[in-house]
Amino acid sequence: MWTISKLTFLEIVSKRIFLITILMTIAFVTLYGVAIHFAVQETGPMMSNTMDNALQNKFFASQLLGVGLYFSSFITALLAILSSVSSIASEVDSHQIDTWLMRPISRTQFVLGKVIGLGGLLVMYAIALFISITLIHQIVGGEMMELPIGALQIMKAVSIFILQPIILVTLGVMLSTRMSTLNAGIVLIILYGAAFIGGFVEQIGSLMEKAALINIGIVTSLVFPVDAMYRKMTVLLFDTADNPISFAQQGMFASASAPSNFMIIYAISYGAIMLYIAIVTFKKRDV
């Protein structure tokens, strides 16, 4: 199993798509830092030290950090989708799976090795991107953009942030056990898009106090809980669980309807169930 994990890890790292992702990530982080720098340069002179402007600064800084983390989540999700949907389907299509199954490796170990290798790589990538965006915001933004975020808040937020790629990897590998790479990719991208649209609909429903819109968001979160994990991450990072103006503070990337801790348990269970289905499905597949 560990051999499969190591080889999967190295295989993804050696692919061109990973190199492109790393280069684009560096470009994104650099652009974010430049944007923060010029935001401070352009808006700083207009701000005085009054109470209203201090509050306005905090809102502005929260929204910029929220945007950076939202697109970090999006980039991480894309990498998770592109790397997981071909993990087993490509091995079957190229008949390389025959070579693996002739060795003393069970199908369970093969699937677990794929998930651990992909998941480990994406967790490291997600942590590095999250910390980079947060540090750039706090350091480059200086006193004007600095938010009161402690180490414990960051640790809690990161622990939820990494759940998104793990859920995507387990579902992507599960789909890859039965579908072609293209079909699995289409299904996963549509699910991912539907989850985020459902999340936005739920936030709007919370603001307008429309139960139907809130229920749509809850249902999409249960079908695919990645957006709920992003919203929970923002609540933990900005410590806005009981703050009624959190949505105004962070904009559309905040959570007017904070997911409960039960949702974290549900998301972890969701990933475990997807992994179990992947193992069972691959065991029954005639390759």
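This section describes the internal cavities, the nonpolar core, one helix and one buried loop residue of a predicted model.

A search of the whole structure returned 2 cavities of 30 Å³ or more. The largest cavity encloses about 60 Å³ of space, and its lining is made up of Thr-8, Glu-11, Ile-12, Lys-15, Ser-83, Ser-86, Ser-87, Ser-90, Lys-114 and Leu-118. At least two residues of this lining are supplied by each of helix 1 (2-14) and helix 6 (107-140), with helix 1 giving the most, 3 residues. By class, the lining of the largest cavity comprises 5 polar, 3 charged and 2 nonpolar residues.

The second largest cavity, with a volume of about 30 Å³, is lined by Ile-12, Lys-15, Ile-17, Leu-79, Leu-82 and Ser-83. Here the largest share of the lining, 3 residues, is drawn from helix 3 (residues 51-84), and the classes divide into 4 nonpolar, 1 polar and 1 charged residues. Ile-12, Lys-15 and Ser-83 appear in the lining of the largest cavity and also in that of the second largest.

The largest nonpolar core contains 74 residues, of which Leu-65, Val-111, Leu-168, Phe-224, Met-229, Met-233 and Leu-237 touch the most other members. Helix 6 gives the most to this core, with 13 residues. For Leu-168, when neighbours within four places in sequence are left aside, the contacts are Ala-77, Ala-80, Ile-81, Ser-84, Leu-188, Tyr-192, Phe-224 and Val-226.

Helix 2 (residues 16-43) consists of 28 residues and spans 40 Å from its first C-alpha to its last, close to the 40 Å expected at 1.5 Å a residue. The buried residues of helix 2 are Phe-18, Thr-21, Thr-25, Phe-28, Val-29, Tyr-32, Gly-33, Ile-36, Ala-39, Val-40 and Thr-43. In an α-helix there are 3.6 residues a turn, so residues three or four places apart point the same way.

Val-85 lies in the loop between helix 3 and helix 4 (89-93). Val-85 is classed as buried because its relative accessible area is 4%, under the 20% cut-off. Apart from residues up to four places away in sequence, Val-85 touches Gly-172, Ser-176, Thr-181, Ala-184, Gly-185 and Leu-188. The C-alpha atom of Val-85 is separated by 8.1 Å from that of Val-169, although the two residues are 84 residues apart along the chain. Leu-188 is thus named among the contacts of Val-85 and among those of Leu-168.

How values were computed:
Residues numbered from 1 in each chain as written. Predicted model: local features only at pLDDT ≥ 70, side-chain atom pairs only at ≥ 80, totals over all residues. Heavy atoms only, no water. 1 Å grid on protein atoms, 1.4 Å probe; cavity = no way out; pocket = protein on both sides within 12 Å on 5 of 7 lines; lining within 4 Å. Points joined across faces, edges and corners; volume = space filled by probe spheres on them. Helix = DSSP H or I, 4+ residues; strand = E, 2+ residues; numbered from the N terminus. Nonpolar A, V, L, I, M, F, W, Y, C, P; charged D, E, K, R; others polar. Core = buried A, V, L, I, M, F, W, Y, C linked by side-chain atoms within 4.5 Å. Buried < 20%, exposed > 50% of the residue type's maximum accessible area, 1.4 Å probe, protein only. Contact = heavy atoms within 4.5 Å. Expected span 1.5 Å × (residues − 1).
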